[in-house]
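Let's walk through this one together, starting from a single side chain and working outward. Have the viewer open as you read.

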Amino acid sequence: MKKTLVAALVASAFAATAHAADPAELEKRVDRLSDEIAALKAEIAKMKAEKAAAAQAAPAKPATIDIARATGEAPKMYEDVEKTTFFGYGELNYYRPTHDTSNTTADAARVVLGFEHRWNDRTRLVTELEWEHAVTSSEDQGESEVEQAYVEYQINQNLSTKTGLFLIPMGLLNEHHEPTQYYGVARNFVETAIIPTTWREGGLLLHGNHDSGLSWDAGISTGFDLSKWDATSTEGQESPLGSIHQELQLAKAKDLSGFGAINYRGVPGLLVGASLFSGKAGQGTPDFPAPDARVTLWDVHGRWTPGDWDIWGLYTRGHISDTANLNVTLVGNPTLVPEDFFGWYVSGAYKLWSKDEMSATPFLRYERYNTGWKYATLPAGLTPDALPTEGVWTAGLNFYLNPSVVFKMDYQKFKQDTTRDRFDLGVGYQF
Amino acid sequence: MRKRTGTSAWFLVPVALVAPAPAGATQYLKVEDAQKLAFPQADAFTPFAYAPTPEQRAAVDQAAHARATAGDPAIWRVTAAGQPMGWFIVDNVIGKVEHITYAVALGRDAAVRSLEILDYRETHGYEVRNAAWRRQFDGKSAHTPLEFGDDIKNISGATLSCRHLTDGVRRLLAIQDLVLR
């Protein structure tokens with residue numbers, strides 16, 4: 001276009017020179033040339049504007065070339081940068097006792113925020129912070145807790161360690177306690193009263209796994225403090241170990257505990273496993289009447305998920321040794337230290353309906369547990385009677401809006417203490 | 001003498017635990033090794049530049065009925081003596097918070113020949129490496145059902161990894177069916 005413009009100007013100049021003899025004609029031609037130049041200037045300006053507009057409308061060129069896309073190379077196998085990711089879960093529940101509706105409660109039972117920070121491909125930090133019952137202050141019932149805080153180190157592809165505050169590998173629920181991972185509004189009684197979920201200790205854990213589907217855990221950690229036992233309260237009847245756990249809150253650590261777990265997942269849909277935890281609980285407390293008391297807890301568990309069915313169960317049993325001398329000092333109080341306690345449950349669920357990410361799964365669970373099954377023999381008929389074994393039927397429905405959001409409802413029927421029969425509603429989430 | 005040797009060996013245990021491990025603590029298989037494992041007879045893996053049109057991308061999304069979580073895959077056309085053998089695809093999905101890098105080999109019939117986990121970085125859920133679980137994908141194609149829970153059984157404690165890998169493989173099969181053929 002520029003060449004055309006120059007040619008037109010040159011041609012016009014030659015033409016003007018050839019007829020320079022007639023001043024009037026020359027003036028007219030100069031005027032025409034001026035008009036033509038103005039028109040050409042306008043055309044050039046218009047073209048420039050169009051070009052600029054077109055450049056603005058065109059998609060920006062990528063700053064970097066996607067090598068993987070362009071050449072078919074593999075995506076980067078390892079993101080060797082420090083990285084922090086956030087996660088969390090929560091559950092908000094409604095409990096309505098059917099025989100005493102005045103005790104109906106609604107509760108922001110748990111809101112948990114966590115983060116992982118990875119320094120490199122073998123070292124990371126995992127932290128989980130939890131608020132229970134919405135408000136925490138000296139006048140409120142809520143709690144704020146550090147639920148997990150540990151450094152994980154990957155020794156090799158099949159061996160790793162955790163150092164810090166971590167969940168004890170026991171049962172089905174303790175390490176996988178997010179509301180989307182279990183059926184029913186509240187966690188089952190066995191893995192609350194006997195295994196004190198969410199149970200964590202401070203220490204060192206070694207984890208190993210094999211491609212066959214076998215995995216194992218072993219470690220040493222803080223344990224229980226039996227000197228915390230409050231015989232005047234019924235807390236020890238609700239959960240013997242839940243009442244004396246320390247949660248790494250200025251934990252007494254003279255007596256450390258040992259633990260181990262083994263699980264097999266080598267057949268798709270199948271899990272079978274067992275675990276053991278044992279340690280002394282006197283913690284060197286001066287003048288404590290049970291300095292050699294030892295707490296031992298073990299469990300066996302299994303789960304079978306063939307397609308739409310989900311069937312699972314667990315048996316657990318706890319023992320506290322050398323409690324007689326302690327209980328003698330506590331006679332007359334409502335809650336003495338049990339020597340043995342146990343619990344088991346079986347449960348089944350069936351995915352009845354699903355559409356896209358939504359699904360509805362009714363479930364049924366029966367559990368039996370006893371937090372005071374046996375007591376150490378005391379002299380002169382002072383041995384307390386064993387507590388009755390409680391049995392609970394729970395029937396309900398988990399409705400998943402998507403795999404990370406669940407609405408729940410259930411009804412719980414107690415065999416011994418029927419005043420606890422209740423109807424529950426809840427919503428849970430995980431991200 | 002024998003007793004003393006045994007005692008010395010025990011002292012080496014903590015040393016072994018803290019000693020630097022070989023590179024790639026979370027990397028289980030390199031791409032080249034996974035290629036040879038999946039197609040031992042192949043003599044060429046030719047990179048294929050995956051650049052679907054917007055229409056193809058929409059069709060893949062619809063067929064996969066799962067959200068893409070970690071970008072586009074890397075794809076190779078596999079041949080032996082000039083004859084096509086299938087496709088080899090490396091992809092990422094999110095487990096819980098980290099990427100899982102995995103490879104899927106598709107035969108000439110467009111069905112899954114193998115699924116391998118190349119890199120697993122999560123704290124939990126590594127059980128998806130189990131061979132028996134991965135074998136559930138063998139023979140699956142874009143025209144056979146591939147739903148988590150129904151066709152691919154769960155691993156208790158590794159639900160998110162199992163679900164997201166199933167979604168990822170379904171997406172790769174849709175890509176093969178709608179873009180690569």
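**Starting from one phenylalanine**

Skip the neighbours within four places in sequence, and B:Phe88 is in contact with B:Gln35, B:Ala38, B:Phe39, B:Phe45, B:Trp76, B:Val78, B:Ala103 and B:Ala105. Keep in mind that this is a predicted model.

Now zoom out a bit. B:Phe88 belongs to the largest nonpolar core, a set of 45 residues, and is among those with the most contacts inside it, along with B:Ala103, B:Val104 and B:Val169. In chain B, α2 (31–38), α3 (54–64), β2, β3, β4 (99–107), β5 and α5 (159–180) each give two or more residues to this core. The largest share comes from α5(B), with seven residues. Apart from this core lies another, of 44 residues, including A:Phe224, A:Leu241, A:Val295 and A:Tyr369.

Back to chain B, where two of those B:Phe88 contacts, B:Gln35 and B:Ala38, turn up again in α2(B). The buried residues of that helix are B:Val31, B:Ala34, B:Gln35 and B:Ala38. Look down the axis of α2(B) and they fall within an arc of 105°, so they line one face of the helix. What covers them includes β1, β3, β4 and β5 of chain B.

Finally, how do the two chains meet? In all, 42 residues of chain B are in contact with 38 residues of chain A. On the chain B side, β1 (44–48), β2 (74–80), β3 (83–94), β5 (112–120) and α4 (131–134) each supply at least two residues. That side of chain B divides into 21 nonpolar, 13 polar and eight charged residues.

Terms used. Residues numbered from 1 in each chain as written. Chains lettered and ligands numbered in written order. Predicted model: local features only at pLDDT ≥ 70, side-chain atom pairs only at ≥ 80, totals over all residues. Contact = placed C-beta atoms within 7 Å. Helix = DSSP H or I, 4+ residues; strand = E, 2+ residues; numbered from the N terminus. Nonpolar A, V, L, I, M, F, W, Y, C, P; charged D, E, K, R; others polar. Core = buried A, V, L, I, M, F, W, Y, C linked by C-beta atoms within 7 Å. Buried ≥ 20, exposed ≤ 12 C-beta atoms within 10 Å, placed from the backbone. Arc of directions from axis to C-beta.
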